[in-house]
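Biologist: I am new to this structure and would be grateful for a close look at a single part of it. Could you please take me through the cluster of aromatic rings and its setting?

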Amino acid sequence: MNSRLSIAAVSAVSLAALLGGATVATAQESDPAPKSCDGVRLTGELPAPAPGQAVSGQITIGADCKPERVSVRHGPASARSARTAAAAGSAATAATAAGHQLRGWNEMYDCCNIRMTGLYTASSWDTANGRVTTGATTATQEWNREPWDAGWSLTSQNAKDDCVTDCAEVNSEAHADFAYKGVFDPTGDWYDNTHHSYVQLKADGTASCRFDVELRHTFVGWNWRYGCE
């Protein structure tokens, strides 16, 4: 284990369901009032909202590396729609012609509100006679760079659908791993953010979104934001 961080205890924090979204977070706990936390994993699940609506969640890494109470919000789709659509590229354009569309985001921000890493999905599916006639999800990634060719970088990514034509339902998943090498760690061995997004597209036109993020190390004040619309 890196000598810069001494782990004194391990604690598990479970956050109960709130407003239809269930979130569970576990984190290793270091000495009181730490600056850095080791081995954090956060999970969130949300029901997809009605067309034109958005649902989102947020968890902040608080004192002693304990995730603060989850915040789940419901409301109209906002400017994030355009941003997520742009991130999803051609998939979002193709989705507009389909009977159902869903866009998702899975982002990690630092304590200064700078988005470090993000995984985005754009789903589209058509239904008829109790089946998903066609359906698919496309994933894209974004990350923050620093001057002098430093900062976060994408190290791996993959995505798949378990069915795309004449399906009882479509289960899609996307994964992205990001590494950091820059002013806060010149070695490139300290930070690593891994994002996971899962989407279920159903024959009745409804859907669900589930998200995970794994952080090799994190600072108090980092916050995870996720949602779908």
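**The aromatic cluster and its surroundings**

Modeller: The protein has 2 helices and 15 strands, and it should be kept in mind throughout that the model is predicted. Of its 229 residues, 47% are buried. Among contacts between residues at least 6 apart in sequence, 59% join residues at least 24 apart.

The part in question is a cluster in which ring pairs link Trp 152, Tyr 180, Phe 184, Tyr 191, Phe 219 and Trp 222. A search of the whole structure finds 9 aromatic pairs. One of them is formed by Tyr 180 and Tyr 191, whose rings meet edge-to-face, with 5.8 Å from centre to centre and 85° between the planes. This pair links distant parts of the chain: Tyr 180 belongs to strand β12 (residues 169-181), while Tyr 191, 11 residues apart from it, lies in the loop between β12 and β13 (192-202). Both Tyr 180 and Tyr 191 are buried.

Tyr 191 also forms an aromatic pair with Phe 219; that pair is tilted, at 6.3 Å centre to centre and with 35° between the planes. Because Tyr 191 is in the loop between β12 and β13 and Phe 219 is in strand β14 (residues 207-219), the pair ties together parts that are 28 residues apart in sequence. As for exposure, Tyr 191 has 5% relative accessibility and therefore counts as buried. Phe 219, at 30% relative accessibility, counts as partly exposed.

Trp 152 shows how this cluster is set among other residues. Leaving aside neighbours within four places in sequence, Trp 152 is in contact with Tyr 180, Tyr 191 and Trp 222, among others. Its further contacts include Met 116, Thr 117, Trp 143, Asn 144, Arg 145, Phe 178 and Asn 193. Trp 152 and Trp 222 are also among the residues with the most contacts inside the largest nonpolar core, which has 38 residues. Others named in that group are Leu 42, Leu 102, Met 108, Leu 201 and Trp 224. In soluble globular proteins, nonpolar side chains tend to be buried together.

Aromatic rings elsewhere in the protein have charged partners. The charged end of Arg 210 sits over the ring of Tyr 198, at 4.0 Å from its centre. Arg 225, in turn, lies over the face of Tyr 109, 3.7 Å from the ring centre.

How values were computed
Residues are numbered from 1 along each chain as its sequence is written. This is a predicted model: local features need pLDDT of at least 70, side-chain atom pairs count only at pLDDT 80 or more; totals for chains, interfaces and linings use all residues. Side-chain values use heavy atoms; hydrogens and water are left out. Helices (H or I, at least four residues) and strands (E, at least two) are DSSP runs, numbered from the N terminus. Buried means under 20% relative accessible area, exposed over 50%, partly exposed in between (1.4 Å probe, protein chains only). Contact means heavy atoms within 4.5 Å. A nonpolar core is a set of buried Ala, Val, Leu, Ile, Met, Phe, Trp, Tyr and Cys residues joined through side-chain atoms within 4.5 Å. Rings of Phe, Tyr and Trp (its six-membered ring) pair if their centres lie within 6.5 Å; planes under 30 degrees apart count as stacked, over 60 as edge-to-face and the rest as tilted. A charge sits over a ring if NZ of Lys or CZ of Arg is within 6 Å of the ring centre and within 35 degrees of the ring normal.
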